[in-house]
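Visitor: I'd like a close look at one part of this model, please. Take your time and walk me through how it fits with its surroundings.

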Amino acid sequence: MNRLDTIAASIETKYSIEYKKDMPDKLDGLCVGQTILINANKPAQIQAQALVEELAHQETTIGNIVGQGSIAEKKQEYKARRIAYESVIPLNSLINAYWRSTSEYELADNLDVTKEFLEETLNYYRVKYGTVMEVNNQLINFANGIQIVDASN
């Protein structure tokens, strides 16, 4: 079972998921009532990322924020994205995948996300934690992409 199937199976009793081929290309997902629409024309990685974000919208967003015309709407959009970043790439998974990777492209592949989603997540963590942080004796440097050093030595 891939990530998309796992996520879909975990929420199927609470929300309906529909994979649509007629969605606009720039739209990966959308909530309509208790239904999450996913753009079926996108690769499975993007569909999974969109599903997690749309699930966050279902749990946290109030009203229609599609237009992004107000600061409140933009805040709700960013909140759902933050939840998706932390859900799809938690710090421990990031550390484990980093040690199995030789580049950020391979890191994204090991995490089963797009390179763009990885970069957005790293930027989010940089804003949230600063350029350097420690997790379980691992120093993580977000200053230029990501570098991790074992601090236990």
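Visitor: Which elements do the buried residues of α4 pack against?

Guide: Keep in mind that this is a predicted model. The buried residues of α4 pack against α5, α6, β4, β5 and β6, the last of these being residues 147–150. On the α4 side, the buried residues are Leu91, Leu94, Ile95, Ala97 and Tyr98. An α-helix has 3.6 residues a turn, so residues three or four places apart point the same way. With that in mind, have a look at Leu91, Leu94, Ile95 and Tyr98, which are among the buried residues of α4.

Now follow Leu94 into the core. The largest nonpolar core has 36 residues, and Leu94 is one of those that touch the most other members, along with Leu118, Ile140, Phe142 and Ile146. Helix α4 (91–98) is among the elements that give two or more residues to this core, and so are α5 (104–111), α6 (115–129) and β4 (132–135). In soluble globular proteins, nonpolar side chains tend to be buried together.

Ile140 is a good place to see the strand side meet the helix. Leaving out residues up to four places away in sequence, Ile140 touches Leu91 and Ile95, and its other contacts include Val132, Met133 and Val135, as well as Ile146, Gln147 and Ile148.

Next door in sequence, Leu139 sits in strand β5, residues 138–141. Leu139 has a relative accessible area of 34%, so it counts as partly exposed. Leu139 joins Val132 and Val149 in a nonpolar patch on the surface, and together they have about 240 Å² of accessible area.

For a second helix to set beside α4, try α3. The buried residues of α3 pack against α1, α2 and α6, and they are Gln76, Glu77, Ala80, Ala84, Tyr85 and Val88. Helix α3 has 18 residues, which at 1.5 Å a residue should span 26 Å, and its end C-alpha atoms are indeed 26 Å apart.

You can see α2 and α3 linked by charge too: Glu53 forms a salt bridge with Arg81, with the closest N and O atoms 3.4 Å apart. That pair links distant parts of the chain, with Glu53 in α2 and Arg81 in α3, 28 residues apart. Glu53 is buried at 14% relative accessibility, whereas Arg81 is partly exposed at 36%. Thr60, also in α2, touches Gln76, Lys79 and Ile83, again not counting residues up to four places away in sequence.

Technical notes: Residues numbered from 1 in each chain as written. Predicted model: local features only at pLDDT ≥ 70, side-chain atom pairs only at ≥ 80, totals over all residues. Heavy atoms only, no water. Patch = residues over 30% accessible without salt bridge, like charges linked within 9 Å, V, L, I, M, F, W, Y side chains within 5 Å. Areas by Shrake-Rupley, 256 points an atom, 1.4 Å probe, with all protein chains shown as cover. Salt bridge = Lys/Arg side-chain N within 4 Å of Asp/Glu carboxyl O. Helix = DSSP H or I, 4+ residues; strand = E, 2+ residues; numbered from the N terminus. Buried < 20%, exposed > 50% of the residue type's maximum accessible area, 1.4 Å probe, protein only. Core = buried A, V, L, I, M, F, W, Y, C linked by side-chain atoms within 4.5 Å. Contact = heavy atoms within 4.5 Å. Expected span 1.5 Å × (residues − 1).
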